[in-house]
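This report describes a single protein chain, with attention to its aromatic residues, its charged contacts and its surface. The sequence and the structure come first.

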Amino acid sequence: MATELDARVEEFRDRPLTTGPYPYLWLDAMTQRSREGGRVLNVATVVATGVNREGKREILGMDVMTSEDGAGWTAFLRGLVARV
């Protein structure tokens, strides 16, 4: 079941953003604790929400990063731009 879910999430995260332009964009992050390799780490889950030309909100992207720093945000935003 998890393998099927991973494939669907990857498909969602890599889909082209064709319903733009997005005149409004919200960026948000939430820190949480995550278990990885037998350790518990603090991670940031980042989300980009946009409003499309029909006025409807869409989740444009999401990612998990180990540090909510400039490099992480830059990589996240460049990934969004590459899908436009």
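## Aromatic pairs

Y24 has a relative accessibility of 53% and therefore counts as exposed, the cut-off being over 50%. The model is a predicted one. W26, at 45% relative accessibility, counts as partly exposed. The rings of these two residues, Y24 and W26, form a stacked pair, because their planes are at 25° and their centres 6.4 Å apart. Stacking here requires planes under 30 degrees apart and centres within 6.5 Å.

Searching the whole structure gives two aromatic pairs. The other one, W73 with F76, is edge-to-face, because the planes stand at 75° with the ring centres 5.9 Å apart. Both W73 and F76 are buried. They belong to helix α2, which covers residues 70–82, and because they are three residues apart they are separated by about one helical turn. In general, an α-helix has 3.6 residues a turn, so residues three or four places apart point the same way.

| Ring pair | Distance of centres | Angle of planes | Class |
|---|---|---|---|
| Y24 and W26 | 6.4 Å | 25° | stacked |
| W73 and F76 | 5.9 Å | 75° | edge-to-face |

## Helix α1 and its contacts

Helix α1 has 13 residues and reaches 18 Å from its first C-alpha to its last, close to the 18 Å expected at 1.5 Å a residue. The helix is hardly covered, as the count of buried residues in α1 is zero.

One of the residues in α1 is F12. With 30% relative accessibility, F12 counts as partly exposed. R15 lies over the face of the F12 ring, 4.1 Å from the ring centre.

Where does the nonpolar patch on the surface lie? It is formed by L5, V9, F12, I59 and M62, which together have about 380 Å² of accessible area. Two elements, α1 (2–14) and β3 (57–65), each give two or more residues to this patch. The largest contribution, three residues, comes from α1.

Helix α1 and strand β3 also hold the partners of a salt bridge, R13 in α1 and D63 in β3. As a general point, side chains of opposite charge can pair when their charged atoms come close. The structure holds one salt bridge. In it, the side chains of D63 and R13 meet at 3.0 Å, N to O. The two residues are 50 apart along the chain, and the pair links distant parts of it. D63 is partly exposed, with a relative accessible area of 27%. For R13 the relative accessible area is 27%, and this residue is partly exposed.

## The loop after α1

Which residues does a cis peptide bond join? G20 and P21 are joined in this way, with omega about 10°. P21 is found in the loop between α1 and β1, the latter covering residues 24–36. Most peptide bonds, by contrast, are trans.

## The protein as a whole

The secondary structure comes to two helices and three strands. From the N terminus on, these elements run α-β-β-β-α. The C-alpha trace spans about 45 × 35 × 20 Å along its principal axes. The protein has 84 residues, of which 25% count as buried. The pair W73 and F76 is buried, whereas α1 has a count of zero buried residues.

Terms used
Residues are numbered from 1 along each chain as its sequence is written. This is a predicted model: local features need pLDDT of at least 70, side-chain atom pairs count only at pLDDT 80 or more; totals for chains, interfaces and linings use all residues. Side-chain values use heavy atoms; hydrogens and water are left out. Patches are made of residues with over 30% relative accessible area and no salt bridge: like charges are joined within 9 Å, nonpolar side chains (Val, Leu, Ile, Met, Phe, Trp, Tyr) within 5 Å. Accessible areas come from the Shrake-Rupley method with a 1.4 Å probe; for residues, only the protein chains shown count as cover. A salt bridge is a side-chain nitrogen of Lys or Arg within 4 Å of a carboxyl oxygen of Asp or Glu. Helices (H or I, at least four residues) and strands (E, at least two) are DSSP runs, numbered from the N terminus. Buried means under 20% relative accessible area, exposed over 50%, partly exposed in between (1.4 Å probe, protein chains only). Rings of Phe, Tyr and Trp (its six-membered ring) pair if their centres lie within 6.5 Å; planes under 30 degrees apart count as stacked, over 60 as edge-to-face and the rest as tilted. A charge sits over a ring if NZ of Lys or CZ of Arg is within 6 Å of the ring centre and within 35 degrees of the ring normal. The expected span of a helix is 1.5 Å times one less than its number of residues.
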